[in-house]
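Let's take a walk through this model together. Have a look at the fold before reading on.

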Amino acid sequence: MGAMSTPVPVVIVVPSNNRAALVRRARTLSWLTIGWMTVEAGVAVAAAVVAGSVALLGFGLDSVIELMSATTILWLYSGRRTDRADAERRAQQLIAGCFAAVAVYLTFDGINTLVGGSHPKTSWLGAAVSVGAIIVMPLLARAKGQVAVQLGSAATASDAAQSWLCAISAGGVLASIVANAA
């Protein structure tokens, strides 16, 4: 067997004046994500408590994890960290931890729901926040992905992936709410 090679990340060199604008855009997108995730988490958790919905509670807690991911990107692009490889690596590790937390929680949540056989009340508030996430999160994910490519930032690309995951999760939650209502 031959030696396995590690893929080499693509690094794009961006002129410093354009880089500054891209960093500002990344921070702005992080602030928008933090704002939306705060609302999404609060509404989903409140709706989950009222409806007794484990799926909505999981969605709300997932939103808190995604909020941490966006906060990590805000940290990465503040102060003197914006051009440091060690800060990029640390941000990647923190966001990977967020992905792991989502995976562990969703696994636990799925098993708990199946074992418990819970039947929540229909939550139209939960449906509304899910629809909002289905609309908002792909827009944020696409914009973050574009900035990630232009900055050559794997951490920012991972945060964009978190946003796509949120949209997918919202679709699953909406489907479960509609199925439960039917």
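Asp 159 and Lys 144 are both buried, meaning under 20% relative accessible area (over 50% would be exposed and anything in between partly exposed, with a 1.4 Å probe and protein chains only). Their side chains join in a salt bridge, 2.9 Å from N to O. The term asks for a side-chain nitrogen of Lys or Arg within 4 Å of a carboxyl oxygen of Asp or Glu, and by that rule the count is one. The pair ties together distant parts of the chain, 15 residues apart: Asp 159 sits in helix α5 (residues 154-181) and Lys 144 in helix α4. Helices here are DSSP runs (H or I, at least four residues), numbered from the N terminus.

Keep in mind that this is a predicted model, where local features need pLDDT of at least 70 and side-chain atom pairs count only at pLDDT 80 or more, while totals for chains, interfaces and linings use all residues. Residues are numbered from 1 along each chain as its sequence is written, and side-chain values use heavy atoms, leaving out hydrogens and water.

Now for α4 and a neighbour. The axes of α2 (residues 54-76) and α4 (residues 124-151) come within 11 Å and cross at roughly 35 degrees; axes are lines fitted to C-alpha atoms over the stretch in contact, with angles from 0 to 180 degrees between N-to-C directions. In α2, Leu 56, Phe 59 and Glu 66 meet α4 residues including Val 129 and Met 137, where contact means heavy atoms within 4.5 Å.

How confident is the predictor? On pLDDT, its per-residue confidence from 0 to 100, the protein averages 83. Confidence is highest in α4, at a mean of 94, and lowest in α3 (residues 85-116), at 76.

Terms used. Helix = DSSP H or I, 4+ residues; strand = E, 2+ residues; numbered from the N terminus. pLDDT = per-residue confidence, 0-100.
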